[in-house]
Amino acid sequence: MAVNLVNVEAVSKVYGTRTLLDGISLGVSEGDRIGVVGRNGDGKTTLIRMLAKLEEPDTGRVTQSGGLRMGVLTQHDSLDPQATVRHEIIGDMADHEWAGNAKIRDVLTGLFGGLDLPGFGQGLDTVIGPLSGGERRRIALAKLLIAEQDLLVLDEPTNHLDVEGISWLAKHLQERRSALVCVTHDRWFLDQVCTRMWDVQRGAVHEYEGGYSDYVFARAERERIAATEESKRQNLMRKELAWLRRGAPARTSKPRYRIEAANELIADVPPPRDTSELMRFANARLGKTVFDLEDVTVQAGPKVLLKQLTWHLGPGDRVGLVGVNGAGKTSLLRALAAAARTQGEEQPAGGSVTVGKTVRLAYLSQEVGELDPSLRVLEAVQRVRDRVDLGKGREMTAGQLCEQFGFTKEKQWTPVGDLSGGERRRLQILRLLMDEPNVLFLDEPTNDLDIETLTQLEDLLDGWPGSMIVISHDRFFIERTTDTVMALLGDATLRMLPRGLDEYLERRRAMIEAAAPAPAPAAKSASAGTATSKDGRAAKKELQKIERQLNKMSDRESNLHAQIAENSTDYDKVAKLDAELRELIAERDELEMRWLELAEEA
């Protein structure tokens with residue numbers, strides 16, 4: 001029988017006149033993997049802080065088992081700004097001692113990209129004080145994961161991690177024996193790591209078995225049976241369930257929710273998007289040209305991020321843009337935005353960007369734009385427009401759109417200066433959509449948004465007719481809102497990835513393995529060593545040849561997609577182009593498999 005680690009008995013917590021938690025009773029046992037979800041401000045962080053005894057309840061009690069080893073990651077670290085990274089993570093361990101520890105090597109490589117901490121000026125000897133919040137958070141997480149724990153309590157552990165970092169962290173937590181309680185808005189991460197869910201709502205906590213996908217089904221079913229008045233929220237849950245149910249089985253490693261009841265629940269739910277209809281709308285709003293890039297070079301100071309990029313973003317294209325940090329994702333969006341703002345007069349360092357004459361661009365950057373703090377939420381939205389046309393005959397008032405984004409009638413009269421960071425992010429997205437753009441650039445739109453707001457944003461974007469580029473580390477959001485994934489792999493090129501983020505992670509692993517120094521071989525004869533060296537050189541030459549072929553194929557693939565978009569009403573031509581595209585993809589897949597084999601040999 002599993003040992004009970006923490007008990008929460010009849011706990012309540014009130015802030016001002018608001019009851020966050022009301023008579024909550026819960027338990028955490030050995031082996032539990034619990035994900036905590038709920039709207040921002042509903043008490044998720046307060047709940048786990050009380051579990052960790054960092055905060056006391058107003059009534060009730062929290063008890064922990066004797067000798068419990070607990071590690072806690074809060075949203076604000078307690079690192080010594082005068083200390084070095086080495087001191088905080090490794091302590092007084094000698095180099096040979098920590099370097100010989102497989103767990104420490106795995107954590108440093110997984111969270112920082114290498115034992116020498118690339119990206120940190122002095123490596124392990126970098127002083128913590130001047131570092132950014134994201135860098136400090138990774139240090140705090142590394143320190144926690146290296147230690148032995150019975151229970152890990154993590155508040156937003158995926159913040160400031162890229163797709164690779166999140167994938168590594170999920171695998172690491174799966175392999176740990178310690179119990180886990182985790183607050184996160186990353187739904188893919190919840191599905192990979194958690195086997196139970198706590199949903200914090202209006203002072204209560206509802207418990208569900210399984211990961212996020214199971215939770216979506218169970219909650220939709222519970223709301224259907226209860227026939228609550230929250231029909232809008234229920235419909236969103238059913239829509240998301242339909243997407244999960246019809247999608248790739250790989251989205252969850254334990255698809256227990258795929259049962260007949262789920263099929264019945266979503267029988268009348270259409271697919272999230274009618275792609276062909278949206279394409280027709282987009283063509284009508286944008287014409288044939290949106291952004292055409294010809295031999296474009298993008299630089300950040302002296303550093304060349306992209307070179308000789310030829311790419312066509314057509315009407316209705318929905319592109320997810322992923323890549324290693326510093327590869328140029330945001331710089332590419334800024335270059336396109338600058339060209340759009342000046343109608344093509346401001347060009348990148350090399351090449352040319354042609355902007356369609358009808359393009360109305362809305363760009364959501366990572367920085368939250370400043371608004372007059374004295375403005376009310378509704379006033380800030382109405383300053384842009386009173387009503388918005390969402391396409392397909394849908395129209396909303398500023399107040400209705402505010403409600404869809406979680407600003408209730410009462411909240412709409414809150415001064416902007418009193419909003420939280422997540423609420424300001426929501427308001428920023430809302431104001432962009434109110435301006436009726438036909439092209440959207442979204443740079444990390446999921447930052448600070450809770451899961452309910454994310455599903456509402458996804459629902460809104462489902463029927464939005466226009467072109468869109470999304471940069472995000474949230475795998476669910478990328479898969480849910482876009483149709484194509486493009487990647488910047490740090491080699492100054494942009495590649496299309498037909499298999500999406502799984503293909504991106506495979507390519508990155510192959511590149512890292514290919515770049516890693518080979519382990520020192522056992523003693524061999526001189527002739528054997530010479531033969532191995534020759535084989536390695538031959539493999540590297542073939543690798544370079546295949547990479548050139550793959551680059552050409554990527555360009556051809558982009559051209560085919562552009563031609564298909566341009567000839568969308570000529571079904572015979574589209575069929576021929578589609579057949580050519582399939583042949584190209586099959587040939588490219590064979591080359592990629594050969595590339596992976598050669599990478600191992602090299």
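**View 1. The lining of the second largest pocket mixes 10 nonpolar, 9 polar and 9 charged residues.** This close-up, like the others here, comes from a predicted model. In total, 28 residues line the second largest pocket, and the space inside amounts to about 930 Å³. If you would like to find the centre of the pocket, look for Thr-109, Gly-110, Gly-113, Glu-164 and Ile-512, the lining residues that lie nearest to it. Four helices each supply at least two residues of the lining: helix 4 (102-112), helix 5 (133-146), helix 6 (163-175) and helix 18 (500-515).

**View 2. Arg-318 is buried yet has no salt bridge.** Here we turn to strand 12, which spans residues 318-323 and includes Arg-318. The nearest side chain of opposite charge belongs to Asp-483, 4.4 Å away; a salt bridge is counted only within 4 Å, so this pair does not qualify. Arg-318 does have a polar neighbour in the backbone: a polar atom of the Arg-318 side chain lies 2.9 Å from the backbone oxygen of Thr-481.

**View 3. Helix 1 is largely enclosed by the rest of the structure.** This helix covers residues 44-51, and because 6 of its 8 residues are buried, the surrounding structure encloses most of it. The buried residues are Lys-44, Thr-46, Leu-47, Ile-48, Met-50 and Leu-51. Following the chain onward, you will meet Lys-53 after helix 1, with a positive phi near 60 degrees.

Note on methods. Residues are numbered from 1 along each chain as its sequence is written. This is a predicted model: local features need pLDDT of at least 70, side-chain atom pairs count only at pLDDT 80 or more; totals for chains, interfaces and linings use all residues. Side-chain values use heavy atoms; hydrogens and water are left out. On a 1 Å grid over the protein atoms alone, a cavity is a set of points where a 1.4 Å probe fits but cannot get out, and a pocket is an open set with protein on both sides within 12 Å along at least five of seven lines; lining residues have an atom within 4 Å of a point. Grid points are joined across faces, edges and corners, and a volume is the space filled by probe spheres set on the points. Ala, Val, Leu, Ile, Met, Phe, Trp, Tyr, Cys and Pro count as nonpolar, Asp, Glu, Lys and Arg as charged, and the others, Gly among them, as polar. Buried means under 20% relative accessible area, exposed over 50%, partly exposed in between (1.4 Å probe, protein chains only). Lys and Arg count as positive and Asp and Glu as negative; His and the chain ends are not counted. A polar contact is a pair of N or O atoms within 3.5 Å; within protein, one must be able to donate a hydrogen and the other to accept it, and residues adjacent in sequence count only if both atoms are side-chain atoms.
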